[in-house]
Amino acid sequence: MDDRKRRYDFKALQIYACRLQDRMGLRDWVVCVVPDEPDDGSTARVLCVYGQRVAFIAFADHYFDLPPERQRAVLVHELVHPHLDVCARLALPKFGDDGEPFLLTFEHGVDAVAQVIAPFMPLPARPFRPRRRPRG
Ligand SMILES: [Zn+2]
């Protein structure tokens with residue numbers, strides 16, 4: 001975890017997330033960029049805390065290799081989730097053990113909306129890249 005904090009500028013990413021959060025109608029949410037890595041192989045993952053308007057977003061290492069337009073699109077995708085989190089929570093139990101097709105369809109919907117919104121959001125001032133390791 002500390003190695004990731006040294007390797008990536010999570011503070012700059014947090015500032016950028018706050019900028020987009022404001023523009024995406026999430027001013028009443030607390031959005032926290034966390035140095036954890038998603039446990040499912042995804043580029044990024046959001047965890048919304050039910051009833052508290054708190055969202056934690058984790059980014060995989062490969063996020064930091066993406067071009068800035070994709071970095072923006074991924075973050076916008078994660079910031080669409082808080083708007084729809086309650087819908088997903090209400091719907092998912094209706095599918096019982098067969099919720100996977102719903103979740104996949106839901107993800108595609110979130111991503112379609114994110115792809116429409118992302119170009120209207122500012123790009124990061126600089127792409128988020130791994131920090132160079134000191135020589136020696
Ligand atoms: Zn998603």
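1. Let's start with overall size. For a chain of 136 residues, a compact globule would have a radius of gyration near 14 Å, and this chain comes out at 16 Å, which agrees. Keep in mind that this is a predicted model. The C-alpha trace spans about 55 × 30 × 25 Å along its principal axes. Buried residues account for 22% of the 136 residues.

2. Next, the parts list. The chain holds four helices and three strands. Follow the sequence from start to end and you meet them in the pattern α-α-β-β-β-α-α. Take the contacts between residues at least 6 apart in sequence: 65% of them join residues at least 24 apart.

3. Now the sheet. In what order do the three strands sit? The order is 1-3-2, in an open sheet with mixed pairing. Strand 1 and strand 2 are the edge strands, each pairing on one side only. From one strand to the next, the twist averages 20°.

4. Here is where the word "mixed" comes from. Strand 1 (residues 30-34) runs parallel to strand 3 (residues 54-59), and the two are joined over five bridges. Strand 2 (residues 44-49) pairs with strand 3 in the antiparallel sense, over six bridges. It's worth tracing both pairings on the structure yourself.

5. Some individual partners help with that tracing. On the strand 1 side, V30 has V54 of strand 3 as its bridge partner, while V31 is matched with A55. On the strand 2 side, C48 also has a partner in strand 3, namely A55. So you can find A55 bridged to V31 and to C48. Another pair to look up is R45, which stands opposite A58 in strand 3. As a general reminder while you look, side chains in a regular strand alternate between the two faces of the sheet.

6. The turn between strand 2 and strand 3 deserves a quick look. Their hairpin has four residues between the strands, and G51 there takes a positive phi near 80°.

7. On to the helices that meet the sheet. Helix 2 (residues 10-23) lies across strand 1 and strand 3, and runs at about 155° to strand 1. Helix 3 (residues 68-91) packs on the sheet too, touching strand 2 and strand 3, with its direction at about 25° to that of strand 2.

8. Helix 3 is a nice one to check by hand. Its 24 residues, at 1.5 Å a residue, should span 34 Å, and the end C-alpha atoms are indeed 34 Å apart, which agrees. Even so, don't picture a perfectly straight rod: the helix bends by about 60° at L84.

9. Which elements do the buried residues of helix 3 pack against? They pack against helix 2, strand 2, strand 3 and helix 4 (100-117). The buried set includes A73, V74, L75, V76, L79 and V80, and also Q71, R72, H77 and E78. If you're wondering how to read a list like that, an α-helix has 3.6 residues a turn, so residues three or four places apart point the same way.

10. H83 is another residue of helix 3. Is H83 buried, partly exposed or exposed? With 15 C-beta neighbours inside 10 Å, H83 counts as partly exposed. H83 and M24 are 59 residues apart in sequence, yet their C-alpha atoms are 9.4 Å apart in space.

11. Finally, T43, which sits in the loop between strand 1 and strand 2. T43 is partly exposed because it has 19 other C-beta atoms within 10 Å, and 20 would be needed to call a residue buried. Leaving out residues up to four places away in sequence, T43 touches A60, H62, Y63 and V74. One of those, V74, is on the buried list of helix 3. T43 and W29 are 14 residues apart along the chain, and their C-alpha atoms are separated by 22 Å.

How values were computed. Residues numbered from 1 in each chain as written. Predicted model: local features only at pLDDT ≥ 70, side-chain atom pairs only at ≥ 80, totals over all residues. Pairing = 2+ DSSP bridges. Axes fitted to C-alpha atoms, helices over the stretch in contact; angles between N-to-C directions. Contact = placed C-beta atoms within 7 Å. Expected span 1.5 Å × (residues − 1). Bend = angle between axes of the 7 residues up to and from the residue. Buried ≥ 20, exposed ≤ 12 C-beta atoms within 10 Å, placed from the backbone. Rg over C-alpha atoms; globule rule 2.2 N^0.38 Å.
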